[in-house]
Amino acid sequence: MLIRQKDELPSSEITPERLYYNRREFIRLAGSAGLGLVAQAVLPEQLAAQERWPKGRKGPFDTDDEVNTYKEITTYNNFYEFGTDKSDPASNAGRFNPKPWTIRIEGEIKKPATYNLEDFIKTSKFEDRIYRMRCVEGWSMVIPWRGFPLADLVNKVEPTSKAKFVAFETVYRPEEMPGQKRPFLRWPYVEGLRVDEAMNPLTLLATGLYGKDLPNQNGAPLRLVIPWKYGFKGIKSIVKIRFVEKEPPTSWNLAAPDEYGFYSNVNPNVDHPRWSQKTERRLGEFFKRKTLMFNGYSDQVAHLYSGMDLMKNY
Ligand code: MTE
């Protein structure tokens with residue numbers, strides 16, 4: 001972001017589903033190439049090299065782009081509470097304890113509540129969804145998230161007619177989050193959405209990725225995932241959700257209003273003041289690719305912004 005700035009998955013922990021999928025796929029490919037027994041002999045190395053969540057559309061929201069590896073997703077992060085370097089969150093988040101966890105939901109709603117996350121999880125339906133994610137600095141990843149639509153929560157708490165926006169807040173624990181002892185940003189980290197953006201079926205509250213609980217560096221135990229917006233809208237380790245009448249402040253807009261707006265929709269036609277947003281580098285790839293409007297999710301979200309000047313509402 002503005003300031004320039006190990007959790008590895010052992011092979012033994014690859015989920016059975018992935019192992020099964022990779023083994024089946026490998027045997028199918030090897031079989032169709034007439035490799036037979038030779039292929040079976042090299043299978044373990046092949047599996048290690050393909051340590052990936054299976055690519056391919058299962059649900060209506062999935063992309064069929066190649067999925068990034070668990071290692072890429074969990075060692076190249078932005079989470080300034082643990083430092084400003086991409087490797088800092090994986091190195092410094094070990095002391096953070098996300099269990100137990102409570103989230104306060106309040107403001108313009110009929111049913112304010114404090115949920116214990118573990119109890120809440122027991123009564124909610126979770127889905128795996130493969131989303132393209134695009135960061136404002138020009139890199140992107142494809143991540144198999146586990147979560148539930150934010151709309152499910154919004155429907156439970158019944159917003160009043162005054163609720164126009166949703167404000168989110170990250171936990172403040174400087175003893176566990178060393179970055180919060182330094183003024184990289186104003187703490188706690190805050191973010192916001194319009195209520196209709198929050199209700200869009202693509203907007204997830206994620207509790208996991210790669211079929212496992214979220215690692216600390218990725219925002220344990222609960223974070224926002226909004227695939228058509230730049231990554232900084234995806235606030236991590238959320239403790240408070242407040243429904244409000246007026247557009248709430250957001251951390252990066254407070255830090256640099258000319259560079260980071262409230263909407264922050266992925267838009268190849270609106271440059272960041274210091275760099276172009278036309279292309280992106282998918283982690284693990286050499287050549288850049290063209291950035292897609294709304295990160296490729298126009299069909300699902302373009303209607304939210306009809307009539308708005310996206311040059312001004314960046
Ligand atoms: N949330 C908090 N609390 N603190 C942060 O520094 N960084 C944001 C976002 N959420 C950030 C945060 C930015 S800039 C990005 S790009 C994404 O998290 C990165 O998510 P990832 O590291 O899981 O890919």
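This section describes the fold content, nonpolar core, enclosed and open spaces, and backbone geometry of a predicted model.

The secondary structure of the chain consists of 10 helices and 12 strands. Of its 314 residues, 53% count as buried. The accessible surface amounts to about 15,000 Å², and carbon and sulfur atoms account for 53% of that area.

In soluble globular proteins, nonpolar side chains tend to be buried together. In the present model, the largest nonpolar core comprises 81 residues, and Trp145 and Ile241 are those with the most contacts inside it. Strand E4, spanning residues 139–149, makes the greatest contribution to this core, with six residues. The surroundings of Trp145 were examined further, with residues up to four places away in sequence left out of the count. On the N-terminal side of the sequence, tryptophan 145 touches Glu127, Asp128, Arg129, Tyr131 and Met133. Its remaining contacts are with Leu204, Ala206, Gly208, Leu209, Leu214, Arg223 and Val225.

The largest cavity has a volume of about 420 Å³. Its lining is formed by 26 residues, and those nearest its centre are Asn78, Arg223, Gly231, Gly234 and Lys236. Strand E3 (127–134) and strand E4 are the elements that each supply two or more residues to this lining. Of these, E4 gives the most, with four residues. By class, the cavity lining contains 16 nonpolar, six polar and four charged residues. Arg223 thus appears both among the residues nearest the cavity centre and among the contacts of tryptophan 145.

The largest pocket has a volume of about 300 Å³. It is lined by 16 residues, of which Lys99, Ile121, Thr207, Asp213 and Pro221 are the closest to its centre. Two or more lining residues come from each of helix H6 (117–122), strand E7 (204–209) and strand E8 (212–213). The greatest contribution is that of H6, with three residues. The pocket lining is made up of nine nonpolar, two polar and five charged residues.

Lys99, one of the residues closest to the pocket centre, also takes part in an unusual backbone feature, since most peptide bonds are trans. The peptide bond from lysine 99 to proline 100 is cis, with omega near -5°. Proline 100 is located in the loop between helix H5 (88–92) and strand E1 (102–107). A cis peptide bond also joins tryptophan 187 and proline 188, with omega of about -5°. Proline 188 belongs to the loop between strands E5 and E6.

The loop between strand E5 (165–170) and strand E6 (190–194) also holds glutamate 176. Beyond residues up to four places away in sequence, glutamate 176 touches Phe82, Arg95, Phe96 and Asn97. Glutamate 176 and asparagine 97 are separated by 79 residues in sequence, whereas their C-alpha atoms are 7.7 Å apart in space.

Most residues other than glycine have a negative phi. Glutamate 158, although not a glycine, has a positive phi of about 55°. This residue lies in the loop between helix H7 (150–157) and E5, and it counts as partly exposed because its relative accessibility is 29%. Tyrosine 210 likewise has a positive phi, of about 50°, without being a glycine. Its position is in the loop between E7 and E8. With a relative accessibility of 1%, tyrosine 210 therefore counts as buried, the cut-off for that class being under 20%.

Terms used: Residues are numbered from 1 along each chain as its sequence is written. This is a predicted model: local features need pLDDT of at least 70, side-chain atom pairs count only at pLDDT 80 or more; totals for chains, interfaces and linings use all residues. Side-chain values use heavy atoms; hydrogens and water are left out. On a 1 Å grid over the protein atoms alone, a cavity is a set of points where a 1.4 Å probe fits but cannot get out, and a pocket is an open set with protein on both sides within 12 Å along at least five of seven lines; lining residues have an atom within 4 Å of a point. Grid points are joined across faces, edges and corners, and a volume is the space filled by probe spheres set on the points. Ala, Val, Leu, Ile, Met, Phe, Trp, Tyr, Cys and Pro count as nonpolar, Asp, Glu, Lys and Arg as charged, and the others, Gly among them, as polar. Buried means under 20% relative accessible area, exposed over 50%, partly exposed in between (1.4 Å probe, protein chains only). Accessible areas come from the Shrake-Rupley method with a 1.4 Å probe; for residues, only the protein chains shown count as cover. A nonpolar core is a set of buried Ala, Val, Leu, Ile, Met, Phe, Trp, Tyr and Cys residues joined through side-chain atoms within 4.5 Å. Contact means heavy atoms within 4.5 Å.
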